[in-house]
Amino acid sequence: MPLLLPPPPTPTPPCASRDPLHAAPRRSRSPSTSRPPSRHRRTASARSTLPAAARDLLADDPTPRAFSALLKAASSSASPPRRPSSLGLGAQLHAQAVVRGFLGGDDSTILATAVLSFYASCREPDLARKVFDGMPRRNAVTWNALIKGYAQAGRREEAILLFRDMKREGSHVAPDRYTFPALLSGIGREGGSGRTLVSLYAARRTLEDAKVAFDQVGSSDPIVWSSMISAYVNCEEEEGALLIFFNMLCQDIKPTQFVYSTVFSVCGRMGILEMGKQVHAHSLKSNTEKDAAMFNALLTMYSDCGCINDAQKVFSSNDCVNVISYNSMISALGQHGYPKEALEHFRQMKFAGLMPDEVTLLNLISSFNHAGLVHEGLQMFNSMVDIEGIKPMYQHYACVVDMLARSGEIGKAMKTINEMPFEAEAPLWRIVLGACSKHRDIETGKRIAEMLFEMEPYEATNYILLGNIYARLGRWTEAEKVRSLMGERGVYKDDAFSWIEMGQRTYRFGVDDRSHPISREIYRNLDRLISTIKVAGYVPDISFAAHNIQRDRKEESLYYHCEKLAFAFGDLAAPSGGTLRIMKNLRVCGDCHCAYKYFSLVTGREIILRDNQRFHHFNSGFCSCGDYW
DNA sequence: CTAGGGTTAG
């Protein structure tokens with residue numbers, strides 16, 4: 001076998017060795033470990049990756065401890081991004097340990113666990129399992145490592161089964177404070193971008209199991225709590241994550257920097273500023289020193305809640321600025337419609353000696369995209385390899401396609417898709433379809449829609465966009481046909497809703513929502529506002545009405561869009577002239593966008609609206625997006 | 001230098 005390591009030394013007589021492991025009687029090797037898997041042979045490249053120090057260490061009659069240390073070193077470079085060679089490297093260490101008789105004995109648990117952990121870190125839970133099965137003794141560390149291996153490979157069922165076996169009488173080990181983080185690590189992120197509803201559901205079930213066990217056992221270990229919080233976030237259960245955080249505070253467990261970072265991020269994505277501020281204040285009172293991640297998460301929280309100035313303040317007060325700080329700031333400025341400032345931060349960043357990465361360039365191009373600066377965006381994209389040495393990834397191409405298509409260059413967008421070195425995925429086609437709808441390109445739109453109906457038949461947006469193309473052209477029969485197709489196939493779109501914070505509470509509004517206690521006053525205020533802005537020049541744009549219904553009914557259906565209701569409520573409840581921050585789960589409707597401009601004019605209020613794409617700042621009749629979004 | 005833990009940007 002072409003092993004790079006030196007041959008095993010001639011066996012020392014047990015009595016001559018002071019190392020208890022050497023002194024241990026050699027056992028017959030278990031079948032699972034005596035013959036390393038065949039893939040070990042392929043990795044001659046491991047030769048070059050073995051550090052010289054490691055080679056010396058091994059040449060000098062290595063002990064099992066040395067093997068453990070080396071396996072650990074190989075592990076840390078193995079988990080993402082994985083280097084293909086590290087699997088071969090660890091496997092060779094494994095093989096050598098076997099040859100030297102270091103594995104298989106009752107006292108070999110630590111080394112075997114190191115081997116197991118190595119395979120687990122290489123996303124090879126089956127190899128880890130083989131080691132596990134061959135071990136005469138296992139402890140909690142062993143079990144936890146294997147559970148983590150399955151969990152991180154996305155094989156939750158097996159991880160859960162192991163967790164249950166571990167709890168069972170007779171396994172001689174009990175779950176400890178490392179077990180929950182192992183079971184929950186990476187939960188809900190399985191498969192990266194291709195996560196399905198089914199996998200999300202499965203992840204939530206695992207989470208529930210863990211929650212039950214967690215409630216039974218309890219723990220004062222902050223990392224156990226923080227892994228629970230992260231698990232909720234990854235499973236898109238933000239409210240649950242906050243509840244865990246509150247429970248943690250109630251039990252007087254001091255949140256760590258990890259916890260604060262995660263909770264800031266939760267408040268940001270939920271768009272709950274008051275809560276975010278309170279958590280921020282809590283972190284200051286608790287004397288938790290802010291680390292880089294906390295600064296960056298805090299910055300993003302303020303930006304996500306619509307407070308770009310506060311985000312900027314956090315950035316300026318950050319004394320441990322890193323690349324992510326700049327990326328976050330550039331992203332925030334782009335989403336709020338400040339491409340020049342984003343570019344300025346890019347220059348500052350390089351001046352400060354920080355190397356821009358893929359995300360930096362993506363955020364910059366995206367900031368140009370938001371602002372409709374197609375020329376600048378293309379220039380940045382075309383020069384990124386030469387000037388920054390960064391090769392465009394899929395997301396960069398997707399951003400450029402989005403930029404071209406939305407600006408009306410649908411032909412160029414299609415050309416880019418055809419020429420890019422990646423296969424376009426459904427979400428990108430959906431963006432182009434949206435642009436076809438916006439620019440009334442019916443032929444291209446139809447072609448893309450047909451393709452999307454195949455690719456993702458249950459994505460409602462595709463039907464709605466195609467329907468809108470027909471509706472805008474007044475082709476009601478065809479629009480209606482698309483609608484009924486949706487019904488036949490049982491496709492439903494997410495309900496639109498908007499929310500606004502007032503005092504300590506968040507108020508949520510659906511379309512035509514009449515569930516609010518002061519609903520009558522809200523509708524009365526909205527009717528009054530509509531009359532006022534009509535006098536000021538607002539004309540309802542009924543092309544945004546969903547159905548082919550009578551004109552006055554259409555107007556009415558527009559009035560009670562959720563974002564208008566949220567504004568009418570905020571206008572009643574907040575001191576006059578004050579800024580209102582409103583969030584929407586979907587894209588803002590074109591008519592509402594127009595109405596908001598008039599609302600800002602007639603009420604003298606600044607309105608900051610976050611939709612699922614970006615921020616709109618309405619002031620004195622104008623929007624920061626310049627009506628391009 | 002005997003094995004095991006959770007964040008932040010798009």
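Q: What marks Ser620 in the hairpin of β5 and β6?
A: In this predicted model, Ser620 takes a positive phi near 45 degrees. The hairpin in question has 2 residues between its strands.

Q: Why are β5 and β6 said to pair?
A: Pairing requires at least two bridges between the strands. Strand β5 (residues 615-619) and β6 are joined by 2 bridges in the antiparallel sense, so the requirement is met. Across this pairing, Phe618 stands opposite Cys623 in β6.

Q: What makes β4 and β5 a pair, and in which sense do they run?
A: The criterion is at least two bridges, and β4 is joined to β5 by 4 bridges; the two strands therefore count as paired, and they run antiparallel. Ile607 stands opposite Phe618 in β5. A hairpin makes the connection from β4 to β5 through 4 residues.

Q: How do you know that β5 is mostly covered?
A: Of the 5 residues in β5, 4 are buried, where buried means under 20% relative accessible area. Strand β3 (residues 580-584) is also mostly covered, with 4 of its 5 residues buried.

Q: Why is the pairing of the open sheet called mixed?
A: Strands of a sheet pair through backbone hydrogen bonds, either parallel or antiparallel. In the open sheet, 6 strands follow the order β2-β1-β3-β4-β5-β6, with mixed pairing. The parallel sense is found between β3 and strand β4 (residues 607-610), over 4 bridges. The antiparallel sense is found between strand β1 (residues 497-502) and β3, which are joined by 3 bridges. Individual partners can be named on both sides of β3: Ile500 stands opposite Ile582 in β3, and the bridge partner of Arg581 in β4 is Ile608.

Q: What makes β2 and β6 the edge strands?
A: Each of the two, β2 (505-510) and β6 (622-623), pairs on one side only.

Q: Which elements make the right-handed β-α-β unit?
A: The unit consists of β3, helix α32 (residues 590-603) and β4. The term right-handed applies because, with the strands pointing away from the viewer, the path from β3 over α32 to β4 runs clockwise.

Q: Why does Ser227 count as buried or exposed?
A: Ser227 has a relative accessibility of 13%. The limit for buried is under 20%, so Ser227 counts as buried. This residue is found in helix α13.

Q: What makes the approach of the Ser227 side chain to Val224 a polar contact?
A: The side chain of Ser227 reaches the backbone oxygen of Val224 at 2.9 Å. A polar contact must lie within 3.5 Å, and the pair therefore falls inside the limit.

Q: Why does Asp552 count as buried or exposed?
A: The threshold for exposed is over 50%; Asp552 has 54% relative accessibility, so this residue counts as exposed. Asp552 belongs to helix α30 (residues 551-559). Its C-alpha atom is separated by 9.3 Å from that of Ile542, which is 10 residues apart from Asp552 along the chain.

Q: How many residues surround DNA strand B, and which are the closest?
A: There are 42 such residues, and the closest are Ile110, Asn144, Lys148, Asp176 and Asp221. Sugar and phosphate make up 39% of the atoms of DNA strand B that come within 4 Å of the protein. By residue class, the surface near DNA strand B divides into 15 nonpolar, 19 polar and 8 charged residues. Several helices each supply at least two residues of this surface, including α9 (140-152), α13 (222-234) and α19 (323-335).

Q: What makes Lys148, Arg177 and Asn363 polar contacts of DNA strand B?
A: An N or O atom in the side chain of Lys148 is 2.5 Å from a phosphate oxygen of DNA strand B. A polar backbone atom of Arg177 is 3.0 Å from a base nitrogen, and an N or O atom in the side chain of Asn363 is 3.1 Å from a sugar or linking oxygen. The cut-off is 3.5 Å, so these pairs qualify as polar contacts.

Q: Which residues does the UniProt annotation "repeat: PPR" cover?
A: According to the UniProt record, an unreviewed entry, the annotation covers residues 139-173, 221-255 and 322-356. The span 139-173 is 71% helix and 0% strand, and its end C-alpha atoms lie 6 Å apart. For residues 322-356, the content is 74% helix and 0% strand, with the end C-alpha atoms 10 Å apart.

Technical notes
Residues are numbered from 1 along each chain as its sequence is written. Chains are lettered from A and ligands numbered from 1 in the order in which they are written. This is a predicted model: local features need pLDDT of at least 70, side-chain atom pairs count only at pLDDT 80 or more; totals for chains, interfaces and linings use all residues. Side-chain values use heavy atoms; hydrogens and water are left out. UniProt positions are given in the numbering used here, feature names are shortened, and annotations may be inferred rather than shown by experiment. Buried means under 20% relative accessible area, exposed over 50%, partly exposed in between (1.4 Å probe, protein chains only). A residue is near a molecule or strand if one of its heavy atoms lies within 4 Å of it. A polar contact is a pair of N or O atoms within 3.5 Å; within protein, one must be able to donate a hydrogen and the other to accept it, and residues adjacent in sequence count only if both atoms are side-chain atoms. Ala, Val, Leu, Ile, Met, Phe, Trp, Tyr, Cys and Pro count as nonpolar, Asp, Glu, Lys and Arg as charged, and the others, Gly among them, as polar.
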